Amino acid sequence: MPGHYIYVDTSFAKQGEKAVLLSSDLQAEEWSCLRLVYQITTSSGSPSDPSLLNLYVRFEDESFDRLLWSAKEPSDSWLIASLDLQNTSKKFKILIEGVLGQGDTASIALFEIKMTTGYCIECDFEENHLCGFVNRWNPNVNWFVGGGSVRNSHSLLPQDHTFKSELGHYMYVDSVYVKHFQEVAQLISPMTTAPMSGCLAFYYQLQQGNDNIFSVYTRDGAGLYEEIWKTGSPGNAVWNLAEVEFSAPYPMEVIFEVAFNGPKGGYVALDDISFSPVPCQNQTELPFSAAEASCNFEEDLCNFYQDKEGPGWARVKVKPNMYRTGDHTSGTGYYLLANTKFTSQPGYIGRLYGPSLPGNLQYCLRFYYAIYGFLKMSDTLAVYIFEENHVVQEKVWSVLESPRGVWMQAEIPFKKPMPTKVVFMSLCKSFWDCGLVALDDITVELGSCWSPERLPPPPGECTFEQDECAFTQERRNRSSWHKRRGETPTSYTGPKGDHTTGVGYYMYIEASHMVYGQKAQLVSWSLRGVTGKHCLTFFYHMYGAGTGLLSVYLKKEGDSGESLLWRRRGEQSISWLRALVEYSCDRQHQIIFEAIRGVSIRSDIAIDDIKFQAGPCAEMEDITQQSSGYSEDLNEIEY
């Protein structure tokens, strides 16, 4: 193949070394598709440490890079990656990073990088990379490129659809090699990498009255197929336009499939696949937004409601204190409480209904719950999926024994053919065993909870679940920051669980290993300086009579000193509290979390869920301003 490529290999670089390519400033006022032709090779045998090719997007106003795509699979031919870039008014750069793996002959090569306006699932099949579409190889029937100067089939068309000439190209399947009934040929699009919804259009021809079935499917990362179109009446031997509603809220492939029932199945041809982000027909209804089914209860019940009056779920708020946990959102906001202590009859049930969710979509429901009291915890909170058309309720989750008084995360994937509602039910089985059930931060997302194509972790965030991200410490010993899950060893200090899921990890100082006034510093990775404001959010836990000091510092590159951004002194609450820190910095810098041990061993300080964002904290600030005093709902309830 003529032309040039660029590469990095072991002849001039060592294992673990990085090679970086940075584009000039780019803008994508319209939706664009970035295509990368690449190859990763390795020495024979599968090395435990493969080479990596990463592609990042660097927005002008963000202090970190966003990982858009990553590959490590070696191959003996050029591969193509197609990545959707959503339209944005912000300027950005593309950064490509190659990291060499083990082996004497490890190499990473790039042949082409191209950004074009349009969607990655669109194609006119005129270029030899076929827009990243691939044929799933079958010994007997396959999709081939037709047109141009090719004359290798008895049923080729006189002209393509794009140029309406014999020089143009299209894709086709021919039944001449079919050996069995139901032979299937599949043409598979690139996987979408950004949410999209609208009208998918394409042109097709098929031989009239023949034994073939032409269908279009979507397939998600978990391998779930769904048919979205199939040929109806026999087609004419002309190019027919097909339009189909296409919704990909999470990564999906489009599969064009032809099934033949014998060698006289004729041919099927395909050309000019296009996508438009508006519905095919003029639909008046707005597309469903999963955010409508989510709620943090800070303002009201959002779109949730209860089935009857009386003591059901109350919206309550707790001041930061040492005895009772606050909400999950910020530690000082509102949450829902089903207080079964005041019900006169056993078998009490409090039902909370979510809004209606359209059928035939994959959902992931996540929420946080905390249980207090109850000798037997199991079944005190359950989640049902209520199918509206059949009035059927299916139980999909119920609480098991777990730590009391800790916000725990639950995740439930579900998909139903009919419209559904999510129902939360709190239950008190016997008069002698009732307690409190708390609920907060309910979110519904489109897509599977554990999709293997889960996008990389959001940039600028650290939950400490996998590792310590890129945070570092000058020294590591008993008196530095430690990663932990569950309770801390000393009673009456430290959290009972982390903030992310209740059973995950957080970072903390163990006061019993330190002396009064001793410091531990956790230092962030290097952040780029940008114009404008940054917002740093994190959760902190300062419970214990002897609690010392937690401070956040900004250290600019080249400066010897640090400047103080935020500080809390002494015992604050038994809850995880949210901190919002707004700052500006136009050069490379680091953020330092410093904990100082207090007067006694009851001085464990913890942090979790750190997040850097571009722009001011103003929108979030509203929530924390409401944290003074008890709510009216709570005045009626005693603990």
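Over how many bridges do strand β4 and strand β9 pair? To find out, select residues 32–41 for β4 and residues 107–117 for β9: the two strands run antiparallel and are joined over ten bridges. The model on display is a predicted one, and the tour proceeds from this strand pair to a second sheet, the cores, a cavity and two residues with positive phi.

**First stop: the sheet around β4 and β9**

Within the pair already selected, display L34 and look across to β9, where M115 is its bridge partner. Now extend the selection to the whole sheet, which is open, has four strands in the order β1-β9-β4-β7, and is antiparallel in its pairing. Colour residues 6–9 (β1) and 79–85 (β7) separately. These are the edge strands; each has a single partner strand, so one side of each lacks a neighbour in the sheet. From one strand to the next, the twist averages 25 degrees.

**Second stop: the sheet β33-β38-β35-β36**

Move next to another open sheet of four strands, ordered β33-β38-β35-β36 and paired in the antiparallel sense. Its edges are β33, at 519–523, and β36, at 563–569, and each of them pairs on one side only. Here the twist from one strand to the next averages 20 degrees. Select residues 549–556 to show β35, which is antiparallel to β36 and linked to that strand over six bridges. Within this strand pair, show Y553 and find L564 of β36 standing opposite.

**Third stop: the nonpolar cores**

Which residues have the most contacts inside the largest nonpolar core? Select W143, F202, F214 and F256, which hold that position in a core of 38 residues. Then add the elements that each contribute two or more residues to this core: β12 (169–174), β13 (183–188), β14 (196–206), β15 (212–220), β17 (240–248), β18 (252–260) and β19 (267–276).

Centre the view on F256 and display its surroundings. Leaving aside residues up to four places away in sequence, F256 touches F133, W143, A185, Q186, L187, F202, F214, S215, V216, L270 and I273. A further core, of 33 residues, lies apart from the largest one; L365, Y369, I385 and V422 are among its members.

**Fourth stop: the cavity**

Keep L365 and V422 displayed, as both belong to the lining of the largest cavity. The structure holds one cavity of 30 Å³ or more, and the volume of the largest cavity is about 40 Å³. To outline the space, select A293, F304, G354, P355, L357, L365, V422, F424, I442 and V444. Two elements, β28 (420–428) and β29 (435–446), give two or more residues to this lining.

**Last stop: two residues with positive phi**

Return to strand β19 and select D272, which is found there. Although D272 is not a glycine, its phi is positive, at about 50 degrees. Is D272 buried or exposed? With a relative accessible area of 14%, D272 is buried, because the cut-off for burial is under 20%.

Finally, follow the chain into the loop between β19 and β20 (305–306), where F297 lies. F297 is likewise not a glycine and has a positive phi, of about 65 degrees. Its relative accessibility is 0%, so F297 counts as buried.

Terms used:
Residues are numbered from 1 along each chain as its sequence is written. This is a predicted model: local features need pLDDT of at least 70, side-chain atom pairs count only at pLDDT 80 or more; totals for chains, interfaces and linings use all residues. Side-chain values use heavy atoms; hydrogens and water are left out. Two strands pair if DSSP finds at least two bridges between them. Axes are lines fitted to C-alpha atoms, for helices over the stretch in contact, and angles run from 0 to 180 degrees between N-to-C directions. A nonpolar core is a set of buried Ala, Val, Leu, Ile, Met, Phe, Trp, Tyr and Cys residues joined through side-chain atoms within 4.5 Å. Buried means under 20% relative accessible area, exposed over 50%, partly exposed in between (1.4 Å probe, protein chains only). Contact means heavy atoms within 4.5 Å. On a 1 Å grid over the protein atoms alone, a cavity is a set of points where a 1.4 Å probe fits but cannot get out, and a pocket is an open set with protein on both sides within 12 Å along at least five of seven lines; lining residues have an atom within 4 Å of a point. Grid points are joined across faces, edges and corners, and a volume is the space filled by probe spheres set on the points.
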